[in-house]
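Reader: Hello! I am new to this structure and would love a close look at one part of its surface. Could you walk me through the nonpolar patch and the charged pairs?

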Amino acid sequence: MIQNAEAIVIGAGAGLSSAAGYEYSGKRFHENFHDFEAKYNFHDMYTGGFYPYKTLEEYWAYWSRYIFLIDIPSRLSPFTKNFATS
């Protein structure tokens, strides 16, 4: 059945990026989100995604950095090279 498929859709959550070796706390978090940690007192990227920011500027400041940090390296990961995208 898979051999005859034109495409295969894979639904994946945070577990896929974790399997690729991405870390959402520790050194990587501190190097990239130290300003958010100091101001809002959260200690990992996951928690920052659910923080109730008071303004849209704060919200998008966090998310734009998060997306940039996750997206660019994911294009270079040997793990993700196994998946074709179109």
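Author: In this predicted model, L56, Y59, W60 and I67 make a nonpolar surface patch of about 420 Å². One of these residues, W60, sits in helix α4, which covers residues 56–74. With a relative accessibility of 46%, W60 is classed as partly exposed, because exposed requires over 50%.

Now for the charged pairs: there are 3 salt bridges. Two of them involve helix α4, so let us take those in turn.

D35 pairs with R65, and their closest N and O atoms are 2.8 Å apart. D35 belongs to helix α2 and R65 to helix α4, so this salt bridge ties together parts that lie 30 residues apart in sequence. Both partners are partly exposed: D35 has 35% relative accessibility, and R65 has a relative accessible area of 29%.

K39 and E58 also meet through their side chains, in a salt bridge of 3.4 Å from N to O. Here K39 is in helix α2 and E58 in helix α4, so the pair ties together parts 19 residues apart in sequence. K39 is exposed at 57% relative accessibility, whereas E58, at 17%, counts as buried because it falls under 20%.

The remaining pair stays within one helix: K27 and E31 both lie in helix α2 (residues 26–40), 4 residues apart, or about one turn of the helix. The closest N and O atoms of K27 and E31 are 3.8 Å apart, and both residues are exposed.

Key. Residues numbered from 1 in each chain as written. Predicted model: local features only at pLDDT ≥ 70, side-chain atom pairs only at ≥ 80, totals over all residues. Heavy atoms only, no water. Patch = residues over 30% accessible without salt bridge, like charges linked within 9 Å, V, L, I, M, F, W, Y side chains within 5 Å. Areas by Shrake-Rupley, 256 points an atom, 1.4 Å probe, with all protein chains shown as cover. Salt bridge = Lys/Arg side-chain N within 4 Å of Asp/Glu carboxyl O. Helix = DSSP H or I, 4+ residues; strand = E, 2+ residues; numbered from the N terminus. Buried < 20%, exposed > 50% of the residue type's maximum accessible area, 1.4 Å probe, protein only.
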